[in-house]
Structure formats: C-alpha cells, structure tokens
Amino acid sequence: MIHLTSIFSRIFAITAHWISSGFGSGYANVAPGTFGSAAALIFWWLLWSCGILSGFESGVLLCIITTLVGVLAIRRCLRAEGAGTDPQWIVIDEWAGMFLALIGTSPAAPLEVLSLFVAFRLFDALKPGPVGWAEDLPGAFGIMADDIVAGALAWGVVQGGVYLIGLYI
C-alpha cells in the first residue's frame, strides 16, 4: 500500500531537484553556472516579453521569490544527497543572482543586459571579497548568498557605469 505522505514527499523531492537545477539548465556538461545564468536571462526576457515584468518592483519581487524558493529547494536537495558543499548542477542560485543584477533593466537596453551578464559571471567566478565571504556561509543559505552578492555587485558596477557615461555624453 502506498502512503499519501510518501507520494507527496517524492513529488516535493522531484520538484526541489528540478528547481535547484534551474529547470535542467544546471546539467550542462561544461560551465553549468554560465548555462544557468543564460537560462535565467532567457526566462527574464520571456517574462518581459509577456508583460509579467515591467519595472523595478516586479524585478525585486522575482528576485525575492526565486531566492526564497531556491533556498528551500536547495536545502531539500542537500538533505537528500547528504552533500554539504555546492554541487555544480545546482544553479537556481545563479538564477536569483542574475535576477538581482537585472533589476530595473529593460531588454530594450541590450548592451546593459550583456554587461550585467558578464559582470555577474565575473563576480561569481572570481569571488572577490564579499562574494567569497558569502560563499563560506553554511548550507543552502551559503550556496545562495554568494550569487546574491555577485548579482548586487554586478548591478552596482554596471549601473554606476551607466550613470557615469550618462554624465559625460
């Protein structure tokens, strides 16, 4: 006899795994973080195209929801696998970081979008200062935190550059 709780537990485990992998984008053989970030960028563009994202507030909400759901999904996956570190296939943290970096940006500014993508990937890969410190936090929160910090730094650097260029053009 199949118990209802075991069915729901299995459904939750599969869903958590799917979310943690960035809906499969984390299974790329090479550079899963970059593939996950690119998948997040495509998803963000689709949300803009459909009119679901339309400004700063909706971008913040997307980032918050992705972060909260991502931490829960990652926690479930780490518990199921007994892993204490950041498995490469977990890329929902890249999604949250990209969404943070893209807050307030429009697809109508492709150079800005590309700059944010490159800056985010550089901060995430090189892990300077606060990004590296955030990565040292334990568990699911630590896995998510370094990408959130990388996204915030990418946003600050690129938006600062956009502002400075605007002053001189």
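A disulfide here is a pair of cysteine sulfur atoms within 2.5 Å. Keep that cut-off handy, and remember that this is a predicted model.

**Exercise 1.** Work out how many disulfides the model has.

*Solution.*
- Start with Cys77: its closest cysteine sulfur belongs to Cys63, 20 Å away.
- Now turn it round: for Cys63, the closest cysteine sulfur is the one in Cys77, again at 20 Å.
- The limit is 2.5 Å, so the sulfur of Cys77 is too far from that of Cys63 for a bond.
- The tally is therefore zero disulfides.

**Exercise 2.** Decide whether Cys63 and Cys77 are buried or exposed.

*Solution.*
- Buried means under 20% relative accessible area.
- Cys63 comes in at 6%, so it's buried.
- Cys77 sits at 4%, so that one is buried too.

**Exercise 3.** Describe the largest pocket: its volume, its lining and the helices involved.

*Solution.*
- First the volume: about 250 Å³.
- Next, count the lining: 18 residues, with Gly33, Asp86, Gln88, Glu94 and Asp124 closest to the centre.
- Sort that lining by class and you get nine charged, six nonpolar and three polar residues.
- Finally, map it onto helices: α2 (32-49), α4 (92-101), α5 (110-126) and α7 (139-168) each put in at least two residues.

**Exercise 4.** Find how many cavities of 30 Å³ or more the structure holds, and say what lines the largest.

*Solution.*
- Searching the whole structure turns up one.
- The largest cavity has about 30 Å³ of space.
- Its lining residues include Trp44, Trp48, Leu102 and Ile103.
- Check the classes: five nonpolar, four polar and no charged residues.

Terms used
Residues numbered from 1 in each chain as written. Predicted model: local features only at pLDDT ≥ 70, side-chain atom pairs only at ≥ 80, totals over all residues. Heavy atoms only, no water. 1 Å grid on protein atoms, 1.4 Å probe; cavity = no way out; pocket = protein on both sides within 12 Å on 5 of 7 lines; lining within 4 Å. Points joined across faces, edges and corners; volume = space filled by probe spheres on them. Helix = DSSP H or I, 4+ residues; strand = E, 2+ residues; numbered from the N terminus. Nonpolar A, V, L, I, M, F, W, Y, C, P; charged D, E, K, R; others polar. Buried < 20%, exposed > 50% of the residue type's maximum accessible area, 1.4 Å probe, protein only.
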